[in-house]
Amino acid sequence: MTAVTADAATVRPPLGRTQAIGWFVVVVGLFTVFGMGVGTGSAPHSTLTFTPIDVSQGAPWHLGNLTLPTEWTLVLLGALIVALGAEVLVRRLVKGAMVRVGLMAIVFLVAVLVWASRQPGPSQVPFINVTAILVGSAAITMILIYGSLSGILCERAGVVNIAIEGQFLGGYLVGEMIDSATNNWLLATVGGVVIGGLMGWLLAFLAIRYLSDQIIVGVVIVTMFTGLASYFNSWVLTPYPNLNNGNIATNLAIPGLMKIPIIGPTFFDETGYFYLMMILVGLVSFALFKTRWGLRVRAVGEHPQAAASVGISVERTRYVNVILGGAVAGVGGVAFAAIQGQFTPSITSGFGYIALAAMIFGRWRPSGAVAACTLFGVSAYLAYNLQSYQVPISTEILLMFPYLITIAVSAGLVGRVRPPAADGIPYSRE
Amino acid sequence: MTPSLRRLWDRYRSASPVTISLLALVLGLVVGAVIIFATTPAILDAWRGAFHSWGGPGHALKVTFDNVGAAYRSIFTGSIVDPPQFWHSVTTGRDWTASLTPLSETFTYAIPLVIASIAVGITFQTGLFNIGANGQAILGGVAGVAVATLVHLPMVLHLPLTLLAGIAGGVVGGAIPGLLKAYTGAHEVIVTLMFNYVASYFMLFCLLSTPLQLPNQTNAISRTMPGGTQLAPLFGTASGLRVNYGVVVALAVTVFALWLLNRSSIGFEFRITGANPHAARASGINARRTLVTSFLISGGLAGLAGVAWVAGTTHYIDQNFLQGSAGIGFTAITVSLLGRNRPIGIVWGSLLFAALEVGGSNMQANTGIPYDLATVIQSAIVIFVATPVLVKEIFRLRALRAESVKVATAGWGS
C-alpha cells in the first residue's frame, strides 16, 4: 500500500511479531492438551474410517477402522502444536513462521475432529470419515484455486482483480444455464470462459485505458453483476426453471489410481474441472516463471516503465492477462456450478474474496496459492460440517470461521509478503 | 442561439462534474434499457418475427418502447410523483397520502443511505476503503435493538441511548479493520469484506439467542422496539407517510461531516493523508492515529445508519436485515463515489439512488421487471462517473474539468 504503512512495518522489529506468533501457537497447543485433551472423561475413544461415502465406479481398496484413545491422541496432537510454536520461538523463525501457523491450523482441526467425535460423547456421528472430509474439502479448495490463479495472472501483470467474486457468479450463472439447456458441460465451460473473459475485459478496459482505480472498478463490477445475476434469477430462471435444473457434473475416475485408499477418491475420482485445475496450476507456474512470456508479464507487474523501455507493450500485456484471469475465474464459476448445482443469488458467498486472500497468503505464486487454498478449503468444509458432531458451538458461529480465518491470516502476514511492485498502479506512458 | 443559451451549451461542453454526473445517469438508464431489451420475452418475441412482414420492425420498435417506457415510467411515478394522482389531489384536496407516498418513500430510503455513504466517504477522503459499512450497519442495528428492547428508560434518555448504542456497535465494527491495518498491516479491503459475512452470521446468532429473539419463536426475529425508542413519522402516524425523524439525524450527520472534513483539524489530517501520505507523514501527522480515527468515525456512522433504519421503519430486525439486495454497504460505496466523497454531493447521490431503489420496487410491482435492475443501473452510473474520460468521449465534450474520483490506493501488501 502506501509508503506510510510500509515504513511503519519496517520500523517495528520483526522479532516481536515472530514471538507473538510463536506464543500464539504455543497457547493453541496448550489449549488442545488441557482444554480438550486432559479429562475428557471415562476413557473415550475416537474412530477414524476411510471408506468414501459415494464413489462413481467401485470402491477403493478397503482400509479398516482406526480406533484411538481420545485423551492421549489429543495430548499428542497438542504437544505437536506446542513443539511447532516452540520451534518458532527458539529458532526465531521469521520466514517459516507462517508455514508453522498453517501446520498448526491443520493439526488443530484434526484435534477438534478427534475431540468432537469421541465415543461415548455427545456426537451422533460415532466416527470421523477422513476420506469424506478430504473429498469435500477438495471441492471447495478447487474453487478457491481457480480464483487464486485468476488473481495471480492479473496481479503479476500489475492489475488488481477484486472482481473474482463477480466472475465466479457470472461463470456460475452462464455455466448453469448452458448446461441446463444443452446438458453439455464442455459448452458450459466455453460459456464460462467467454463471460469471465468479457468481465475481465471490462475491468481491463476501465483500468488500463481510462486509468481508473482498480479496486473501485472491481468492487463496482461485482456489485453490478450481483444485481444482474439476481435480476436474471427472477426474470429468466424463475419463469424458465428448465434453464436452472441443477445437474451436477459426473466424476471421471482415473482407472487404477482411484483404487488407492484416501488419495484415490480425493484426487483421482473427481470432475473434469478438478483435473483441469491441476493442469492450470502447472501451466501457470511454468508459464510465469519459466517462459519468456512469464518474464515479460512479471516485468510489467514490477516495473512497467522499464518493461516499456525494452519494447514490451504494457497495455497489451495487461489486457491479455486480465482477460485470461477473468476467463480462469469464469471457469471456476462453472466448476462451482458443476459441483453445487442450482443457481441462487449470492451462492458464491464471498469465495472470490477468500481466493484473493489465499493468493496474497501464497505470495502471488501458484504453489503458495494451492497451499493457502487447501488450508481455507479444509477449514471451510469443516466449519460447514462440524455441526453434525454436535459440538457445543452454534451453527452461526461455526459458519463465521472461514471468514475469521481469512481476517486472521491477512493480519498475520505483515511485512512478510511483497506484492508485485506496480500492482494496482495505473500505467500511463507520459 | 441567444447568448444565454450559448453559454449554457458551452457549460455543457466544458464537462463540469455536474454535467458528467447527469450524463452518467443518462448512460446508466441506457444500460438498463439495453438489459430490459435483451431479457424481456415480449420484446424478444416481437423482434423474432419482425422481418417477415412490412411494418414488423415498426411494431417491434413500438413494443420495445412501450416496455422500456413502462418500466422507466413506473420508476419515476413510484419514487417522485405520479402526475395524474398528484393533479387529483391538487384539484380535489384529497388523497394527499397517495400523492406524497413516493417522495416519502424516497426520503425514507435515503436516510440510512446518506449516513452510510458519508461514513464510506470519510474513509475514502483518508485514502482508505471501508467496504464493511454493511457489516458495521448490521452491528449498529443489532446493538440498537438490544438496547431498545432490553433496557427500560424514559424516552428522553432511551432514544438517544439507542442511537448511541448503534454508533457504538458500528465503532466496534470499524475498530477491527482500523486497528488491524494500523498494527498488523492487514489490508482493509480484505478485512472489511470478510467482516461483512462475520457480522451477518453474528446477527443471525443474536437473533436466535435468548435475550434478543422474540419469545416463543423459532425464527430469527428480534423483539419489537418500544415506541419510545422509535424515530417517529415526521408528519405523525395518521399521515400514513413513512418518512421519519431519521431525516433530522441524516441532516445532523451531513452537517457534522461538513464540519469534520472542512473545518476541523482531524478532518484536515484525513484529507492530507488521503491526498498525499508522504506529505502527511513529513508534516508530522501520525499516520496510524489518523487511520484508526477515520475508521472509528466511519464505523460509528455506518452503525448509526443501521440503527436509524430499524428505528425509523421496521422497528425490529429479522434474518433479512441488510442482507442481499437490501444491503446498503455496497450502495453506499457507489453513492459516495457519485458524490465525489463530499457530504453535499453524497446527499444528492443518496436521493437519486434511493429514488432508483424505491422506483425499482414500483417497477417490479407494475411490470414484473425485477427491482435488481436498479442495482445494475446504479453500478453503471458509478462506472461512468469513475471514468469521466469515457463519458467525455461518448458525448464529445470539450475539455475535462471534472477530475476523476480520486482515492489514494494501490495494491496490497504491507
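User: Domain bounds come from an automatic or database domain assignment. Which domains does that give chain A?
Analyst: Quick caveat: this is a predicted model, where local features need pLDDT of at least 70, side-chain atom pairs count only at pLDDT 80 or more, and totals for chains, interfaces and linings use all residues. Residues are numbered from 1 along each chain as its sequence is written, with chains lettered from A and ligands numbered from 1 in the order written. As for chain A, the assignment splits it into domain 1 (3-126) and domain 2 (131-411).

User: How many residues of domain 2 of chain A are in contact with domain 1 of chain A?
Analyst: Taken over C-alpha atoms, the centres of these two domains of chain A sit 28 Å apart. Contact means that two C-beta atoms, placed from the backbone, lie within 7 Å. On that basis, domain 1 of chain A puts in 20 residues, and domain 2 of chain A answers with 24 residues.

User: Moving on to the contact between the chains, which helix gives the largest share of the side of chain A that touches chain B?
Analyst: The contact draws on 54 residues of chain A and 55 residues of chain B. Helices H1 (3-11), H8 (214-237), H14 (351-361) and H16 (395-411) of chain A each bring at least two residues to that side of chain A; helices (H or I, at least four residues) and strands (E, at least two) are DSSP runs numbered from the N terminus. The largest share, 14 residues, belongs to H8(A).

User: How many strands does chain B have?
Analyst: Take chain A as a starting point: it has 16 helices and five strands. Chain B, on the other hand, has 17 helices, and its strand count is zero.

User: What are the spans of the C-alpha trace of chain B along its principal axes?
Analyst: Chain A covers about 75 × 60 × 40 Å along its own principal axes. For chain B, the spans are about 70 × 60 × 40 Å.

User: Why is H7(B) described as largely enclosed?
Analyst: Buried means 20 or more other C-beta atoms (placed from the backbone) within 10 Å of a residue's own; 12 or fewer is exposed, and in between is partly exposed. Over the 414 residues of chain B, 53% make the buried class. H7(B) is largely enclosed by the rest of the structure because its buried residues number 16 of the 18.

User: What percentage of chain A's contacts with a separation of 6 or more join residues 24 or more positions apart?
Analyst: In chain B, such pairs account for 74% of the contacts with a separation of 6 or more. In chain A, the share is 79%.
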